[in-house]
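Here are a few exercises to work through with the model open in your viewer. Try each task before you read its solution.

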Amino acid sequence: MAMEVRIPTLGESVTQGVIARWLKEDGEAVAADDILLELETDKATMEIPAAASGRLEILKQAGETVEVGAVVARIGDGAGTVKPKTAAAPPRDAKPSSGNGPRLEAEPGLSPAVRKLVAEHSIDPGELQGTGKGGRLTKEDVLRVIEGGKEQSAPAAAKRPAAPAEPAPIAPPEAAAARPATADTERVPMTRLRKRIAERLVEAQRTAAILTTFNEIDMSAAMALRKRYKERFQQAHGIGLGFMSLFSRATVLALREQPVVNASIEGDDVVYHRRVHLGIAVGTPRGLVVPVVREADALSVAGLEKAIAALAALARDGKLLPDHLTGGTFTISNGGVYGSLMSTPILTPPQSAILGMHKIEERPVALDGQVVIRPMMYVALSYDHRLIDGEQAVTFLVKIKERLEDPSRMVLEV
C-alpha cells in the first residue's frame, strides 16, 4: 500500500509553501528518513524526509505552491530504480534531444536555476566541477563559465597547454548595441523568503519611527576574560566561549532595567514581555534569518552559547522550522563578522529595538590623560521612538557598554 507524503504543519500563521526542489527523482528508490524535497515558506526553508522506504511517485513539481496537508508524493511498494548521479558527456557536435541544451534527466543534484542555465547555454554539467556542498554544482559555478567565455574543463583537459590566443576583433559600436539585453542580464523569480524579508523591512520603515543611537565599547576586558578562560570553559561546557553570548547576557540584564526596550506596540496598547525571547540574526545563502533563543533571560552564558550555536547550525544547514523564527522580543545583529565598522540596523516587527554589533578594531583612545591603543567596537541601538524615549535608549546601551567593559558585573548582576 502506498504511503502519502504530505506537507506537515509549518508553524504559527504559516499555511502554505513552495516546493523549492526535489532531492529525489520520480521513480527513484528511497529509504526511510531520506530527504525528499526542500519546501520554502515565508519564514524558512525546511526539508521533508521520507517516512518509509519504497518507490517515489512525485505528484507536485518544483515551483508549485502547496498548502499544509497537501499530498505532494506517494511512496509505493517495490525497490524502484536508482538513477545515476551524473550523466555521461555527449559529443561536442551532438544535439540534445530537447533542442535546448544537454540532457538533464539524470542530474538530480542540480537546482532549477542551474538546470535552466546549462540548458540555455548548451553546457554539459558533467564537465563542470561544483564548489557547493558535497561537490554540488551551483549557479555561480555555471555563471563563471558563461561569463568567462570558456568551460571549466576536466582535470586532464586542464593540464593541456593552451594555444596562443589571437587578438579578438573589436566589434563596431553598432554590433555591440545590437546584442539582446538577455545576454547581459538574468531574471529569476524572488524566493518566498526574500519576498517576506523585503515586506517586513518595508513594514518596519513604514510603521515605526526608527531612530538609532550609538556608543563604543572598549573590548579589552572581555577579550582578556575570553583568553583567560576559553580552555576551561570548553572543558566544562563542551563549547567555545564567544562574544555573542557575552553580549546576549549583557543585553538580558540591561533589558531587566529598561523593560520598555523589550516591549512592543499592538494597536493602542503597549505589551510588556516578562520573558526575553532573543532573536539572533544569521546570514545564510538563502537570506537573513532571525532564529529565536527562547527565555534567554533564564540562561547562563554557557546556556546562551549552546543555544546560539545550535540555532546557527540549523540556519546554515537550512533546517530551521517556522517555530524557530517566531516570538522574538528583541534582536541582536552582528555585522562585525562581515567587517562592518558601523551600521544602523532595521527593526524586526513587532519588536521595538535591535542591537547592532560591529567589527573590533584597534584605535587610539584617551585614558587617564594618555593616548592608548585599545580594541574598540562601535555598537548601535535602533529603536521605535513611538515607544522608547531617547533617554531610555541611551541608558540601555550604556548599561550594555558598562557590563562588557567590566564583565564581573554580569556575574554579580549589578
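**Exercise 1: The second largest pocket**

In this predicted model, 43 residues line the second largest pocket, and those nearest its centre are Arg200, Val290, Thr348, Pro349 and Gln351. Your task: work out which elements give two or more residues to the lining of this pocket, and how much space lies in it.

Solution, step by step:

- Start with the elements. Two or more lining residues come from each of helix H5 (192–207), strand E10 (264–266), strand E14 (287–289), E16 and E17.
- Next, the shares. H5 supplies 7 residues, the largest share of the lining.
- Last, the volume. The second largest pocket holds about 990 Å³ of space.

**Exercise 2: Gln351 and its loop**

Find where Gln351 sits along the chain, then decide: is Gln351 buried or exposed? Finish by tracing what its side chain reaches.

Solution, step by step:

- Locate the residue. Gln351 belongs to the loop that runs between strand E16 (330–334) and strand E17 (353–357).
- Check the accessibility. The relative accessible area of Gln351 is 8%, so this residue counts as buried, the cut-off being under 20%.
- Follow the side chain. One of its polar atoms lies 3.3 Å from the backbone oxygen of Gly328, and the side chain also reaches the backbone nitrogen of Phe330 at 3.4 Å.
- List the contacts. Leaving out residues up to four places away in sequence, Gln351 touches Gly328, Thr329, Phe330 and Thr331.
- Now look at the backbone of this loop. Pro350 also lies between E16 and E17, and a cis peptide bond joins Pro349 to Pro350, with omega at about 5 degrees.

**Exercise 3: Two buried helix residues**

Take Arg403 and then Leu255. For Arg403, which side chain does it join in a polar contact? For Leu255, how far is its C-alpha atom from that of Phe330?

Solution, step by step:

- Place Arg403. This residue is part of helix H9 (residues 390–405), and with a relative accessible area of 2% it is buried.
- Find the partner. The side chains of Arg403 and Glu257 are joined by a polar contact of 2.4 Å.
- Widen the view. Setting aside neighbours within four places in sequence, Arg403 contacts Ala250, Leu253, Ala254, Glu257, Arg409, Met410 and Val414.
- Switch to Leu255. You'll find Leu255 in helix H7 (residues 243–257); its relative accessibility is 3%, so it counts as buried.
- Get the distance. Leu255 and Phe330 are 75 residues apart along the chain, yet their C-alpha atoms are separated by 9.2 Å.
- Check for contact. Beyond its neighbours within four places in sequence, Leu255 is in contact with Val261, Asn262, Val276, Phe330 and Phe396.

**Exercise 4: Loop residues with a positive phi**

Asp33 and Asp368 deserve a look at their backbone angles. What is phi for Asp33, and what is it for Asp368? Are these residues buried or exposed?

Solution, step by step:

- Asp33 first. Though not a glycine, Asp33 has a positive phi of about 80 degrees. Its loop lies between strand E3 (29–30) and strand E4 (35–40), and its relative accessible area of 62% makes it exposed.
- Then Asp368. Here phi is near 55 degrees, again positive in a residue other than glycine. Asp368 lies in the loop between strand E18 (360–367) and E19, and at 74% relative accessibility it counts as exposed.

**Exercise 5: Rings and enclosed space**

Which arginines sit over the rings of Phe243 and Tyr378, and how many cavities of 30 Å³ or more does the structure hold?

Solution, step by step:

- Take Phe243. The charged end of Arg226 sits over this ring, 5.1 Å from its centre.
- Take Tyr378. Arg363 lies over its face, at 4.0 Å from the ring centre.
- Pair the rings. Across the whole structure, the search finds 1 aromatic pair.
- Count the cavities. There are 2 of 30 Å³ or more, and the largest cavity has about 80 Å³ of space.
- Trace the lining. Residues around the largest cavity include Ala44, Thr45, Leu193, Thr284 and Arg286.

Definitions and conventions
Residues numbered from 1 in each chain as written. Predicted model: local features only at pLDDT ≥ 70, side-chain atom pairs only at ≥ 80, totals over all residues. Heavy atoms only, no water. Helix = DSSP H or I, 4+ residues; strand = E, 2+ residues; numbered from the N terminus. Buried < 20%, exposed > 50% of the residue type's maximum accessible area, 1.4 Å probe, protein only. Polar contact = N/O pair within 3.5 Å; in protein donor to acceptor, adjacent residues only side chain to side chain. Contact = heavy atoms within 4.5 Å. Phe/Tyr/Trp six-rings, centres within 6.5 Å; stacked < 30°, edge-to-face > 60°. Lys NZ or Arg CZ within 6 Å of the ring centre and 35° of its normal. 1 Å grid on protein atoms, 1.4 Å probe; cavity = no way out; pocket = protein on both sides within 12 Å on 5 of 7 lines; lining within 4 Å. Points joined across faces, edges and corners; volume = space filled by probe spheres on them.
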